[in-house]
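Work through the exercises below with the structure in view. Try each task before reading its solution.

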Amino acid sequence: MFLRLIRFTARRSPLAPLLLLGLSFGTPALVQAAGLPTLQALADGRFDISAEVRMLDDGRVLGELDPRRSLAPASLSKLYIAAAALGRYGPQHRFVTRLVSDGEQRGATLHGDLVLDSGGDPAMTTERYWTLVEQLAARGIERIDGRVRLAQWQFGPEPCGVADRCSARDATMSSYDARLSPVAVDYAAWCVRLLPTRPGAPALVGGCFSSRPLVAVSGEVNTVAEGQPTRLNARRTTANGRDTLTLSGQVSVADGPQSVYRSASDPAQQTLATLEMLFAQSGIRVARGFAIDATPPPAGARELAAVESPPLQMALMDMLNYSNNFMADVLTIGLSASQPPSLASGAAALERFVDTVPGHGPVSLASGSGLTPDSRTSAHGLVALLDAMYRRAELFPTFVSAMQTPGNGAARFIRRGDPLFQRSVMIKTGTLNQPVPVRAIAGYFRTSSGRWGAFAVMLNGRAATPYLVWPDVLQALSSDLTPLIERY
């Protein structure tokens with residue numbers, strides 16, 4: 001459950017990012033509606049809109065509203081990195097993380113340093129790090145007379161770049177805004193577990209993968225009786241390089257244990273704490289301690305342990321279903337053709353990928369996550385991307401299966417609209433609430449006769465108010481799209 005919760009960033013919650021900051025919007029443009037009257041009425045001059053609905057077999061446009069207008073896509077950017085990653089690696093690609101050393105094992109002692117060498121896994125977990133350490137124990141290693149080094153040599157920590165990540169260096173109340181590193185664990189978010197005791201008594205605080213939290217914890221959460229709601233607050237602050245999670249609120253005995261996640265200020269330091277815990281649990285002593293550096297593994301180092309990620313197709317399902325910003329931007333950096341790679345050079349490679357999409361048109365992507373403030377695309381461009389992926393038989397099944405069907409999607413807020421709509425569309429959403437509301441949605445639909453279509457809708461506010469709620473957007477889209485699904 002831990003892995004699922006932390007990836008979910010689509011709804012407004014401590015785990016749900018508000019994706020873009022500092023947007024600039026152009027002057028209003030006149031739009032002509034063709035087959036999308038409810039969406040046009042929803043925009044009603046208050047929101048800028050770009051929308052297109054197209055059949056994929058014959059290219060017929062069923063409805064459009066200023067389809068080539070460039071607007072902020074928010075997390076629809078993740079459709080681009082998903083498509084580009086599939087093209088680069090293929091659905092069955094697995095990332096390999098290794099422990100290597102140029103030292104010699106004599107008896108139960110490894111003489112020399114042990115180096116963690118990342119293979120670019122965007123979703124490395126505590127469980128897979130544990131597998132690595134246990135492989136050492138299986139070799140009979142009980143002592144390392146050197147250091148355990150985290151080789152953060154490919155990149156990182158990536159400069160914060162955007163307001164969310166920059167402010168999170170000092171404090172955050174979110175789980176999505178960590179800086180980027182190739183040696184992260186659990187999406188660079190601390191996790192603590194709160195266990196209710198008896199009403200009126202403090203809840204117990206433990207780690208999600210250990211009896212004690214790996215991050216310093218202050219504050220207190222009270223246990224309340226059944227019938228009273230669980231309300232949790234958590235803020236991570238950083239001082240002198242040390243993260244502290246301050247907790248408050250209450251947890252109901254009826255709700256059971258609760259997990260709380262907040263971004264780490266330095267992902268490599270979080271991994272260091274995780275490895276120290278895992279080595280101690282395995283009984284492997286490290287004489288010279290644990291360290292982080294930017295030095296590649298020594299030439300000739302041999303592999304002592306290795307662990308593979310699940311296939312990329314599974315990672316993309318998690319990334320799109322739970323709108324995971326960390327995964328998206330690590331994958332973006334992996335596209336980079338420059339050394340050292342960076343988010344900027346990865347985003348440039350992502351734009352070059354979009355240049356190969358037939359009929360796409362102008363695009364500006366500063367990241368794969370949508371967390372950056374200045375990405376722009378159009379509904380026509382998004383539909384062109386969806387069309388191009390539909391025509392790639394070797395990639396399309398993976399691409400479409402990574403999206404959500406509203407009727408049974410992981411994101412509960414999307415469970416809106418006509419029942420036919422809910423079971424006939426496969427979607428990705430993008431959300432922004434500040435400085436203006438942005439609601440964006442794109443995906444595929446199947447008509448009643450079994451034909452495939454694609455659609456994209458982006459609504460960008462012109463000011464902080466009026467606020468735009470997802471139920472209204474989804475109901476408007478359903479009202480316009482359901483008749484088309486029935487008719488075609």
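**Exercise 1: a sheet**

Task: In what order do the 3 strands of the open sheet lie, and is the pairing parallel or antiparallel?

Solution. The order is β11-β10-β16, and the pairing is antiparallel. Strands are DSSP runs of E with at least two residues, helices are runs of H or I with at least four, and both are numbered from the N terminus. Two strands pair if DSSP finds at least two bridges between them. The edge strands, β11 (204-207) and β16 (258-263), each pair on one side only. From one strand to the next, the twist averages 30°; the axes are lines fitted to C-alpha atoms, and angles between N-to-C directions run from 0 to 180 degrees. Between β10 (residues 189-195) and β16 there are 6 bridges in the antiparallel sense. Trp190 has Arg262 in β16 as its bridge partner.

The model is predicted: local features need pLDDT of at least 70 and side-chain atom pairs 80 or more, while totals for chains, interfaces and linings use all residues. Residues are numbered from 1 along each chain as its sequence is written, and side-chain values use heavy atoms, leaving out hydrogens and water.

**Exercise 2: helix α3**

Task: What span should helix α3 (residues 77-89) have at 1.5 Å a residue?

Solution. The expected span is 1.5 Å times one less than the number of residues. For the 13 residues of α3 this gives 18 Å, and the end C-alpha atoms are 19 Å apart, which agrees. Next, consider burial, where buried means under 20% relative accessible area, exposed over 50% and partly exposed in between (1.4 Å probe, protein chains only). In α3, 10 of the 13 residues are buried, so the helix is largely enclosed by the rest of the structure. Among them are Leu79, Tyr80 and Leu86. Gly90, with a positive phi near 90°, follows α3.

**Exercise 3: the core and helix α8**

Task: Which residues touch the most other members of the largest nonpolar core?

Solution. A nonpolar core is a set of buried Ala, Val, Leu, Ile, Met, Phe, Trp, Tyr and Cys residues joined through side-chain atoms within 4.5 Å. The largest has 51 residues, and Leu79, Met319, Phe399 and Tyr444 touch the most other members. Its largest share, 8 residues, comes from α3. Contact means heavy atoms within 4.5 Å. Not counting residues up to four places away in sequence, the residues that Met319 touches include Ile81, Met327 and Leu331.

Turn now to α8. Of its 10 residues, 9 are buried, and these pack against α3, α5 (163-167), α7 and α9.
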